[in-house]
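Please open the model in your viewer, with the sequence panel alongside, and follow the selections below in order. Each stop says what to select and what is to be found there.

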Amino acid sequence: MDRPVLSSLAAKPAFDGLKKTWRCDVVAGFLVFLIALPLCLGVAVASGFPPMSGLITAVIGGLLVSRINGSHLTITGPAAGLVVVILGAVDALGEGDPMAGYRRTLAAIVVAGVIQVVLGLRKAGRLAAFFPNSVVHGMLAAIGIIIMIKQIPVMAGVGTEAGPSLLADLAALPHGLAFFVPETAFIALVGLAILVGWPLVNARFLRKIPAPLLVILSGMVLGKLFGLADLHPGDAFIVPKDLHLGPDFLVAIPDSFLASISFPDFSRVLTLAFWQSVIAICLVGSLETLLSAAAVDKLDPRQRQSDLNRDLWAVGVGNVLAGLIGGLPMIAEVLRSSANVDAGAESGWSNFFHGLLLLVFVLAFPHVIGVIPLASLAALLVYSGFRLASPQAFVRTMDLGREQMALFLITIIGVLATNLLVGVLIGVAAKLVLHVGRGVPLRNLLAISYQVEHTEPGTCVVRVRGSAIFSNFLALKSELAGFPAGKSIIFDLTDAYLVDHTVMEFIEQFREDCVAKGGRCEIHGIEAHTAASAHELSARINRPR
């Protein structure tokens with residue numbers, strides 16, 4: 001094994017910087033703990049896993065992954081973006097038995113974690129660039145839509161039978177909501193009102209209280225007031241056979257944290273459904289981790305850069321352990337990470353302290369969790385789903401041009417009509433067909449033509465010819481990653497026929513990072529290209545005028 005691999009495997013120093021930053025990191029870890037507790041429970045319940053499984057994952061992410069990963073301020077744990085993948089795996093592998101589906105999905109998480117470890121060690125963090133931005137955003141929007149479709153009935157206190165497809169579930173929503181339970185619906189609406197209205201509060205000392213914590217506390221108070229534990233509305237009137245009302249309106253938990261530990265079942269490892277689940281977990285989890293880590297780096301006041309390959313294999317290690325003892329898969333989660341930055345975190349120790357506080361809470365106060373209404377958790381997830389598929393996401397994509405909007409919608413429809421993995425592949429295929437239709441030669445789809453010239457000491461000119469698109473830019477991106485800080489880089493795109501949006505966005509991010517590190521970066525030759533839209537990072541094509 002060569003030295004770079006050994007270096008990537010080396011653990012962080014045991015108490016790296018702790019003496020200098022522990023006060024800031026303890027405070028930030030505590031605030032993130034308050035946010036993570038309800039979200040981890042909600043993600044687990046929505047995924048068809050036991051509630052404690054989300055906390056198991058967050059504890060592992062905090063205590064273990066924070067000590068071996070390559071980022072500084074990211075928080076690792078379960079996230080809403082994986083709900084659809086895990087719920088689909090439980091349904092596909094369970095064959096009608098949710099507990100069997102849970103244990104077989106644990107096995108898929110273990111295998112997906114092993115693949116992530118291998119990918120990280122093989123420096124595959126750069127592969128995230130292979131997926132067009134509009135396809136990734138379409139995938140996330142589709143996940144948001146699915147979360148809302150699945151969780152709105154829970155807000156209403158209505159249990160529904162899963163339909164043959166997601167579109168059938170969407171069509172059945174009005175029928176199910178006609179039998180809503182007023183008590184749970186009121187709790188959920190109060191939770192949504194808090195989530196929407198809390199950012200508008202001006203008092204700084206109140207804004208420091210996490211809105212998700214208020215949602216849970218209000219739900220617990222209202223649940224006690226309404227007597228949710230003893231509520232049986234289905235006894236009062238006839239309910240259709242495809243619906244059920246209660247009595248499961250509260251989170252169900254085992255007597256102890258240790259009793260929630262389960263072990264994986266590898267009996268379906270040779271089936272197609274198992275490997276589809278593995279690939280989906282690995283693909284979505286890896287993409288979200290890499291994109292989130294890169295996004296959090298931009299929030300870091302000290303402008304530190306994450307080692308994305310190390311992040312990938314560290315999350316893989318965490319997923320292997322989580323799958324072995326009954327936890328959900330984890331990612332680097334951007335919302336909790338941004339809260340961590342806002343709370344003044346200085347290092348990865350804030351992630352560690354958030355995991356430690358979660359462990360102490362579930363060991364000392366497990367029965368508190370058992371009085372949390374499911375409607376409150378559903379409200380948190382519906383709000384998260386709406387943020388993923390908000391109107392602003394559609395507007396931002398439309399600003400990039402009609403072809404980007406088309407790819408965005410094709411991916412959403414593909415995911416809703418089939419599944420997450422197939423929908424993403426449909427989006428990628430549509431993007432390639434679009435480029436071929438624009439005149440990109442087939443040989444140029446996977447191979448880029450470029451030349452790096454060192455014109456003078458400290459200055460490099462990168463000349464790109466032909467087409468620079470999402471599917472062929474990996475080679476140049478890898479070479480650029482090896483450039484030392486402080487250089488002057490000039491991108492000469494005069495002879496480029498097509499530069500797509502994904503590459504335009506990468507070049508702009510590279511320019512910002514280069515300048516932030518004391519270097520200089522310029523883009524030449526793009527003036528002669530025709531922009532796909534008025535957006536400064538839209539695709540550019542060099543057509544004769």
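Begin by selecting helices H2 and H13, whose crossing is right-handed in this predicted model. H2 covers residues 18-46 and H13 covers residues 334-342, and their axes come within 9 Å of each other and cross at roughly 160°. Because an angle over 145 degrees counts as roughly antiparallel, H2 is described as roughly antiparallel to H13. To see the contact itself, show the side chains of Ala28, Val32, Ile35, Ala36, Leu39 and Cys40 on H2, together with Arg336, Ala339 and Asn340 on H13.

Stay on H2 and select Trp22, which lies in this helix. Trp22 is partly exposed, with a relative accessible area of 38%. Now add Phe353 to the selection: the two residues are 331 places apart along the chain, yet the C-alpha atoms of Trp22 and Phe353 are separated by 9.4 Å.

Next, select Leu357, which is placed in helix H14, residues 349-364. Leu357 is partly exposed, its relative accessible area being 28%. If residues up to four places away in sequence are left out, Leu357 touches Gly29, Phe30 and Phe33. For a view across the model, draw a distance from Leu357 to Gly144, which should give a C-alpha separation of 29 Å for two residues 213 positions apart along the chain.

Two of those neighbours lead to the aromatic rings. Select Phe30, Phe33, Phe361 and Phe365, which ring pairs link into a cluster. Within this cluster, which residues form a tilted pair? In the rings of Phe361 and Phe365 the centres are 5.7 Å apart and the planes stand at 50°, so this pair is classed as tilted. The two partners can also be compared by accessibility, since Phe361 is buried with a relative accessible area of 15%, whereas Phe365 is partly exposed at 46%. In total, the structure holds 13 aromatic pairs.

For another kind of ring contact, select Arg67 and Trp349. The charged end of Arg67 sits over the ring of Trp349, at 3.9 Å from the ring centre.

Move on to H5 and H12, which span residues 98-121 and residues 308-325 respectively. These two helices pack at an angle of about 160°, with their axes 7 Å apart, and that angle makes H5 roughly antiparallel to H12. Their crossing is left-handed. Among the residues to display at this contact are Leu106, Ile109, Val110, Gly113 and Val114 in H5, which belong to the group meeting residues of H12 that include Asn309, Leu312, Trp313, Val315 and Gly316.

The loops on either side of H5 each hold a residue worth selecting for its backbone. Glu95 is found in the loop between helix H4 (83-94) and H5, and it has a positive phi of about 50° although it is not a glycine. Glu95 is exposed, with a relative accessible area of 55%. Lys123 has its place in the loop between H5 and helix H6 (133-155), where this residue, also not a glycine, has a positive phi of about 60°. Lys123 is partly exposed, with a relative accessible area of 34%.

From Lys123, continue along the chain into H6 and add helix H16, residues 374-388, to the selection. The axes of H6 and H16 come within 8 Å and cross at roughly 155°, and the two helices are therefore roughly antiparallel to each other. H6 passes H16 in a left-handed crossing. The contact involves, on the H6 side, residues including Leu140, Ala141, Ile143, Gly144 and Ile147, and on the H16 side residues including Leu374, Ala375, Ala378, Ala379 and Leu381. Gly144 is the residue used above for the distance from Leu357.

For the last stop, select Asp399, which is found in helix H17, residues 391-399. Asp399 is partly exposed, with a relative accessible area of 42%. Which residues does Asp399 touch, not counting those up to four places away in sequence? The contacts are with Ser533 and His535. Although Asp399 and His535 are 136 residues apart along the chain, a line drawn between their C-alpha atoms spans 6.1 Å.

Definitions and conventions: Residues are numbered from 1 along each chain as its sequence is written. This is a predicted model: local features need pLDDT of at least 70, side-chain atom pairs count only at pLDDT 80 or more; totals for chains, interfaces and linings use all residues. Side-chain values use heavy atoms; hydrogens and water are left out. Rings of Phe, Tyr and Trp (its six-membered ring) pair if their centres lie within 6.5 Å; planes under 30 degrees apart count as stacked, over 60 as edge-to-face and the rest as tilted. Buried means under 20% relative accessible area, exposed over 50%, partly exposed in between (1.4 Å probe, protein chains only). A charge sits over a ring if NZ of Lys or CZ of Arg is within 6 Å of the ring centre and within 35 degrees of the ring normal. Axes are lines fitted to C-alpha atoms, for helices over the stretch in contact, and angles run from 0 to 180 degrees between N-to-C directions. Helices (H or I, at least four residues) and strands (E, at least two) are DSSP runs, numbered from the N terminus. Angles under 35 degrees count as roughly parallel, over 145 as roughly antiparallel, 65 to 115 as roughly perpendicular and the rest as oblique. A crossing is left-handed if the near helix is turned anticlockwise from the far one by less than a right angle, and right-handed if clockwise. Contact means heavy atoms within 4.5 Å.
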